[in-house]
Amino acid sequence: MSYLPHLRSFLSVYRHNSISRAALALQLTQPAVSRHIKILEARLQSQLFTRLPRGLAPTPAAIELERQAGPHLDALDALVGSGAGQHDDLAGVIHVGATSGFSRLLLSALGTLSRYAIRLDLRAMPPPALVAALAARELDVAVTLARIPHKGIEYEPLYEGRQQMVCAPAWRDRLPKSAAPKGLPLIDLQGPVPPLASFWREVFGGSPELPSAVVPDYQSALEAAATGGGLAVVPECLCRPLLQAGQLIALPLPKRAPPFALYLASAKGGNAAGRVNVCRQQLIDAARNW
């Protein structure tokens, strides 16, 4: 028995975190995709996904299966697709920009571009540099924290969530129930508007103590917090997997956390419209589960 269709269904569910979106991407019915997953689970004698309030989460067995099978399936799809001429109109490079600290999130979202014969060139830079690169046609699309006005750039909302203050579980016993933490190491970001002060002012009132560490971006802050370096303010879309895995805990807050948004930016009248549309749709699909 060939398990290739089952593995394709698995990979689509893994990358979309959803049976329904995987079925739509594969042009299959939801029962068919669910059946493929059940057959694989029976064959491997391992559960591959657990159900969450928002989508599905891969188990360690699923993560290992994707690591081993994903690259081979992507290469096979790219070879068959390009050989049959199915995606000749899309073939080429798409240049994507990411706000520093969000590259890992975007790489996960765009992991299936190769099946359309699209090669990814991902670059990380601050929002002003992203806008300049889009205007100069050095980037086709970008994910940015800020909508910087420019007559040649158009924006659309990609993600809306909240910021969280997180730390390693080792700090749990020293956290206040709903007041500002005191005497604990704080982690902040470099840049003109570091998030720690504004978060503190809105949630706790007043100003925080001086940070114990200042790091380049949100991903660095997340990693520093997870290794026990202190308390960090990070977006939900970055910290949710570590919170669900128990590697981080979120502080109880006396007020609702400040909002956080990401925007999808592209140059008006770009030359890679087909590739941009594929990339845009993959980002929008992925962001629903961020």
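Me: How much area does the chain expose, and what share of it do carbon and sulfur atoms supply?
Reply: The chain exposes about 14,600 Å², and 53% of that comes from carbon and sulfur atoms. Keep in mind that this is a predicted model.

Me: How many helices and strands are there in the chain?
Reply: The chain has 10 helices and 11 strands.

Me: And what makes the chain as compact as a globular protein of that length?
Reply: Set the value against the rule: the radius of gyration is 21 Å, and the globule rule gives 19 Å for 290 residues. The two are close, so the chain counts as being as compact as a globular protein of that length. As for its extent, the C-alpha trace spans about 60 × 50 × 25 Å along the principal axes. Buried residues account for 46% of the 290.

Me: Why is Leu73 called buried?
Reply: The cut-off for buried is under 20% relative accessible area. Leu73 has 6%, so it counts as buried. You can find Leu73 in helix α4, residues 60-83. Leaving aside neighbours within four places in sequence, Leu73 is in contact with Leu4, Leu7, Arg8 and Leu11.

Me: How do you know that β3 and β4 pair?
Reply: Pairing needs at least two bridges. Strand β3 (residues 92-99) and strand β4 (residues 118-125) are joined by eight, so they pair. They run parallel, and Ile94 stands opposite Leu120 in β4. With helix α5 (residues 103-109) added, β3 and β4 make a right-handed β-α-β unit.

Me: What makes β3 and β5 a pair as well?
Reply: Apply the rule again: at least two bridges are needed, and β3 and β5 have three, so they pair, in the parallel sense. Ala98 has Val143 in β5 as its bridge partner. On to β11 (residues 259-267): four bridges join β5 to this strand, and here the two run antiparallel. Val143 has Leu264 as its bridge partner in β11.

Me: What makes both faces of β5 covered?
Reply: Strand β5 takes in residues 141-144. Val141 and Val143 lie on one side, Ala142 and Thr144 on the other, and all of them are buried. That fits a handy idea: in a regular strand the side chains alternate between the two faces of the sheet.

Me: How do you know that the disulfide count comes to zero?
Reply: A disulfide needs two cysteine sulfur atoms within 2.5 Å, and by this rule the count is zero. Take Cys167: the nearest cysteine sulfur, that of Cys239, is 11 Å away, so Cys167 is in no disulfide. The sulfur of Cys237 has its closest cysteine sulfur in Cys239, at 7.9 Å, which is too far for a bond.

Me: And why are Cys167 and Cys237 called buried?
Reply: Both values fall under the 20% cut-off. Cys167 has a relative accessible area of 0%, and Cys237 has 4%. Cys237 sits in helix α9 (residues 236-244), where Glu236, Leu238, Cys239 and Leu242 are also buried. The buried residues of α9 pack against α5, β6, α8, β9 and β11.

Me: Is Gln219 buried or exposed, and how do you know?
Reply: Its relative accessibility is 14%, under the 20% limit, so Gln219 counts as buried. Gln219 is placed in helix α8, residues 218-226. Not counting residues up to four places away in sequence, Gln219 touches Gly101, Arg104 and Leu238.

Me: Why are Asn17 and Arg137 called partly exposed?
Reply: Partly exposed covers the range between the 20% and 50% cut-offs. Asn17 has 22% and Arg137 has 42%, so each falls in that range. Asn17 is in the loop between α1 and α2, while Arg137 lies in the loop between α6 and β5.

Me: What is the sign of phi in Asn17 and in Arg137?
Reply: Phi is positive in Asn17, about 55°, and also in Arg137, near 65°. Neither residue is a glycine. For background, most residues other than glycine have a negative phi. Just after α9, Gly246 takes a positive phi too, of about 80°.

Notes:
Residues are numbered from 1 along each chain as its sequence is written. This is a predicted model: local features need pLDDT of at least 70, side-chain atom pairs count only at pLDDT 80 or more; totals for chains, interfaces and linings use all residues. Side-chain values use heavy atoms; hydrogens and water are left out. A crossover is right-handed if, with the strands pointing away from the viewer, the path from the first strand over the helix to the second runs clockwise. The radius of gyration is taken over C-alpha atoms; the globule rule is 2.2 Å times the number of residues to the power 0.38. Buried means under 20% relative accessible area, exposed over 50%, partly exposed in between (1.4 Å probe, protein chains only). Accessible areas come from the Shrake-Rupley method with a 1.4 Å probe; for residues, only the protein chains shown count as cover. Contact means heavy atoms within 4.5 Å.
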